[in-house]
Amino acid sequence: MNIYFPQAISPLIADDLHVSAKSATLVVTCAQLGYAAGIFLLVPLGDRLRHRVLVTTLLLATCAGLVLAGTASTLPVLAVASALVGLTTVVPQILIPMAAALTAPEHRGTVTGTLLSGLIGGILLARTFSGTLGEWLGRRAPYLVAAVLVLALTVALAAALPATTPSTGQSYPALLAASLRLLRNEPLLRRSALNQALVFAAFSAAWTALALYITGPAYRLGTPAVGVLALVGAASMLATPIAGRRTDRDGPDAVNLVSMVGTVAAGALLLTGDLGGTAGLAGLGAGMLLLDVAMQSGQVANQARIFALRSEARARLNTAYMTCAFLGGSVGSWLGVRAYSAFGWNGVCGLVMLLAGLALLRHRVGHPKVRPPRDGAAGGRGRPQHVAR
């Protein structure tokens with residue numbers, strides 16, 4: 001939530017700090033850049049350090065960043081605080097591989113799906129949280145309330161996290177290099193990263209352009225309408241545990257296929273937004289819900305696949321995977337704004353279908369069918385076993 005809630009309060013930030021609305025968006029950019037840096041620089045430490053110490057330290061740093069952001073009186077200070085918050089809000093990307101390591105292979109998809117439902121719920125509800133609280137109490141309130149919540153979470157996890165043993169003694173530079181080496185050497189990791197990069201790009205393109213669309217001439221609604229649609233999308237949190245169980249039962253490829261087809265269908269359904277009025281809003285809500293479900297389901301399948309590859313390197317695998325996914329999401333946001341400017345909402349829907357269609361094409365014709373081994377195969381290194389088409 002910490003990465004996304006500044007999007008809804010950037011106008012309030014502009015008013016409070018007496019800067020332009022365009023300048024206020026620097027806060028959002030710094031949070032996202034900090035998060036991307038944190039994924040690459042900090043998540044690999046999940047294989048090197050004890051999880052309880054690492055997680056509680058990062059949460060305390062996040063809390064400090066939120067307090068600094070909530071009390072900042074100038075834009076440069078707020079931008080630095082946002083970057084710090086983004087950098088340290090990578091705890092979910094450390095907890096997910098940790099939980100995978102503590103889970104029996106036949107239940108790993110279910111557990112991953114449960115955790116991802118919380119992760120995606122934070123993303124989807126962030127705008128509603130900050131927009132509502134900021135409207136009532138001002139732009140500082142979301143930061144300070146989030147700081148209290150993170151502090152409570154720090155105390156809870158310090159008490160509840162199990163003792164874990166680091167899986168590697170490699171130096172920090174070697175850990176960073178290992179993520180890139182894994183991406184080069186593991187074809188299933190590359191497949192999962194490409195799958196999610198394309199689907200997440202479609203997801204980001206739609207959500208980025210949606211605010212422009214419903215606040216523009218077609219609907220002329222306020223920003224609270226974006227929060228309402230986000231609440232509709234939050235219902236998709238219920239889908240990730242189901243996707244996890246399906247991944248455990250049928251394998252990641254089957255769930256990936258459903259995810260990609262669902263994303264294409266969501267792009268088609270979003271075209272109904274052109275109807276306008278109540279019917280158009282209903283179509284937008286249904287299309288965004290389907291898009292959220294499809295994206296999250298693919299995330300569950302992809303992470304279940306990569307966590308089965310090398311038991312001693314799950315954090316580094318997740319670093320490589322999530323870096324690629326968020327690069328795809330960033331490109332999708334950039335393309336979504338430009339598609340909307342050039343071709344309107346229908347152009348955005350076409351972009352969503354095109355990106356998902358490329359993922360589907362690559363999934364169907366670009367890969368041999370492979371089955372990642374369970375933990376322990378090949379000495380825990382998890383080399384893929386090719387099977388007949």
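# Helix crossings, ring pairs and two buried residues

Helices α6 and α7 cross in a right-handed sense. Welcome to this structure, which is a predicted model. The points below start with that crossing, move on to a second one, and then turn to aromatic rings and two individual residues.

**Where α6 meets α7**

- Helix α6 covers residues 108-137 and helix α7 covers residues 140-160; their axes lie 7 Å apart and make an angle of about 120°.
- An angle of that kind is neither roughly parallel, roughly antiparallel nor roughly perpendicular, and α6 and α7 are therefore oblique to each other.
- On the α6 side, the contact is made by F129, S130, L133, G134 and L137, while α7 brings A141, P142, V145 and A146.
- Sorted by character, the residues of this contact of α6 with α7 are seven nonpolar and two polar, with no charged residue.

**Where α5 meets α14**

- Helix α5 (residues 91-101) and α14 also cross, at roughly 135°, and their axes come within 9 Å.
- This makes α5 and α14 oblique to each other, and the crossing of α5 with α14 is right-handed.
- From α5 come Q93, P97, A100 and A101, which meet R314, A315, N318 and M322 of α14.
- The residues in this contact of α5 with α14 divide into five nonpolar, two polar and one charged.

**Aromatic rings**

- How many aromatic pairs does a search of the whole structure find? The search finds seven.
- One of them joins F5 and F129: the ring centres are 5.8 Å apart and the planes stand at 70°, so the pair is edge-to-face.
- F5 sits in the segment before α1 (6-17) and F129 in helix α6, so this pair ties together parts that are 124 residues apart in sequence.
- Are F5 and F129 buried or exposed? Both F5 and F129 are buried.
- F129 has a second role in this picture, as one of the α6 residues in the contact with α7.
- Another aromatic pair, F200 with F203, is stacked, with 5.7 Å from centre to centre and 20° between the planes.
- F200 and F203 are three residues apart in helix α9 (residues 187-214), which means that about one helical turn separates them.
- F200 is buried, and F203 is buried too.
- Ring pairs also link Y213, Y219, Y340 and W345 into a cluster.

**T319, a residue of α14**

- T319 is found in helix α14, which spans residues 314-365.
- Why does T319 count as buried? Its relative accessibility is 1%, and buried means under 20%.
- Leaving aside residues up to four places away in sequence, T319 touches I39, F40, V43, P44 and S179.
- T319 and F5 are 314 residues apart along the chain, and 23 Å separates their C-alpha atoms.

**D47, a residue in a loop**

- Where is D47 placed? D47 lies in the loop between α2 (21-41) and α3 (51-71).
- With a relative accessibility of 5%, D47 counts as buried.
- Again leaving aside residues up to four places away in sequence, D47 touches P166, S167 and T168, and also E312, A313, R314, A315 and R316.
- Two of these partners of D47, R314 and A315, appear as well among the α14 residues that meet α5.

Definitions and conventions. Residues numbered from 1 in each chain as written. Predicted model: local features only at pLDDT ≥ 70, side-chain atom pairs only at ≥ 80, totals over all residues. Heavy atoms only, no water. Axes fitted to C-alpha atoms, helices over the stretch in contact; angles between N-to-C directions. Helix = DSSP H or I, 4+ residues; strand = E, 2+ residues; numbered from the N terminus. Parallel < 35°, antiparallel > 145°, perpendicular 65-115°, else oblique. Left-handed = near helix turned anticlockwise from the far one by under 90°. Contact = heavy atoms within 4.5 Å. Nonpolar A, V, L, I, M, F, W, Y, C, P; charged D, E, K, R; others polar. Buried < 20%, exposed > 50% of the residue type's maximum accessible area, 1.4 Å probe, protein only. Phe/Tyr/Trp six-rings, centres within 6.5 Å; stacked < 30°, edge-to-face > 60°.
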